[in-house]
Structures are given as C-alpha cells and as structure tokens.
Number of protein chains: 2
Amino acid sequence: MSVKRKYRAKIWVTLRPSILDPAGVAVQSGLKYLGYDNVEQLRIGKYIELLINAKDDRMANQQLNDICNRMLANPVIENYRFEIIEVESQTGAF
Amino acid sequence: MSVKRKYRAKIWVTLRPSILDPAGVAVQSGLKYLGYDNVEQLRIGKYIELLINAKDDRMANQQLNDICNRMLANPVIENYRFEIIEVESQTGAF
C-alpha cells in the first residue's frame, strides 16, 4: 500500500540583491509621478502557487528544489524560497 | 514634532481564480515535458517588496491600498494582499 500526498507549494522567486531591477525602477518612478515619493527600494519578483503530489515531505521538497532550479528561477540572477503545506492524503491500492 | 516611520511592505498580486493564466499553463506544460507530471494548478503572480515612509500604520496601509489599486494590480482581473512591518522610526524636527 502506498500513500500519495498532495501538497500546496508557495514559491517566491526574487532577483538577487546585487542585480538591477529595471521593472522595479520603472514602477517606482511611475509611483513618484503619481505623487508617492515616499516609496523606496521597490523590487518585483514572481510568486507561484502549485499543487504537487509526492510520497512524503522530503520528496516534495526535493522535487520543488529541482523545479525551481530548472524551470522557475534563473539561479545566476535569482533566489528562490518555498513553503509547502499538505492539503490531503490518499491511500492508494498499492 | 513629527515621527516618520519606515515600513517594509510585502505585496502579493495574483490573478483572480476565474481568470485563465496562460503563462502558468505554459510552465506547467514545460514541467510535464521535463518529467514532472505530478504538478497541478500552477499559477504565476507577482511578489513586490518596497519600503514606504508614513506617519503611522494606518496611513501606510491606506497608501498601499491606493498604490495596489492604481499601479501594482489590475483590480478587474487581479487580487492583491500585503503585509507591512515597521523597520525603523525617525524623530523629525517638526
């Protein structure tokens, strides 16, 4: 019998602090134009949510690390972090 | 004498659940191609960090609501939420 677990993952992908963020600079400058000159250091990243099926926490974490490194983040210029929370378990036939 | 407070804001902008996310579908399909067919319901949003100067929590929250509605999110198709945390206080001359 195998137990299949489903996890909800929340993933943050942000530019490394040393990397310039032109989109963030543009938005901050737009805000200044609208009168919000009290905003500083605006930086834009990605926020990804997904469901992943895995046999346990360890496997889910390992696969998410792989997924972030291979697909969601560019490790040369971006950092990532994620959290998982189990949403349901299903007991399978094997 | 006025006190000027500085807050760090973390802002999440996500597509409303009823709105199709073509980028998320594309990434999920790319993951499937790489062998990760255990991923479902992948959706991509924005994560923004900024510093904002304001006289108190209430004013910082109000300005962030305005900023999200006017600039960071498209309220027709996106939801937003944010958290603020005070990072420093400065006592000014007035």
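## Salt bridges across the strands

Arg8(A) is partly exposed, because its relative accessibility is 29%. This value comes from a predicted model. Arg8(A) does not stand alone. Its side chain meets that of Glu49(A) in a salt bridge, with N to O at 3.6 Å. The two residues sit in distant parts of chain A, 41 residues apart. Arg8(A) belongs to strand 1 (residues 3-15), and Glu49(A) to strand 2 (residues 39-54). Glu49(A) is partly exposed too, at 23% relative accessibility.

Side chains of opposite charge can pair when their charged atoms come close. Over all chains, the structure holds 8 salt bridges. The table lists three of them, including the pair just described.

| Salt bridge | N to O distance |
|---|---|
| Arg8(A) and Glu49(A) | 3.6 Å |
| Arg8(B) and Glu49(B) | 3.6 Å |
| Arg5(B) and Glu86(B) | 3.1 Å |

Now to chain B. Arg8(B) forms a salt bridge with Glu49(B). Arg8(B) lies in strand 1 of chain B, while Glu49(B) lies in strand 2 (residues 39-54). The pair links parts of the chain that are 41 residues apart. Arg8(B) has a relative accessible area of 28%, so it is partly exposed. Glu49(B), at 24% relative accessibility, is also partly exposed.

Glu86(B) forms a salt bridge with Arg5(B). Glu86(B) is in strand 3 (residues 78-91) of chain B and Arg5(B) is in strand 1 (residues 3-15), so the pair ties together parts 81 residues apart in sequence. Glu86(B) is partly exposed at 33% relative accessibility. Arg5(B) is partly exposed at 27%.

Technical notes
Residues are numbered from 1 along each chain as its sequence is written. Chains are lettered from A and ligands numbered from 1 in the order in which they are written. This is a predicted model: local features need pLDDT of at least 70, side-chain atom pairs count only at pLDDT 80 or more; totals for chains, interfaces and linings use all residues. Side-chain values use heavy atoms; hydrogens and water are left out. A salt bridge is a side-chain nitrogen of Lys or Arg within 4 Å of a carboxyl oxygen of Asp or Glu. Helices (H or I, at least four residues) and strands (E, at least two) are DSSP runs, numbered from the N terminus. Buried means under 20% relative accessible area, exposed over 50%, partly exposed in between (1.4 Å probe, protein chains only).
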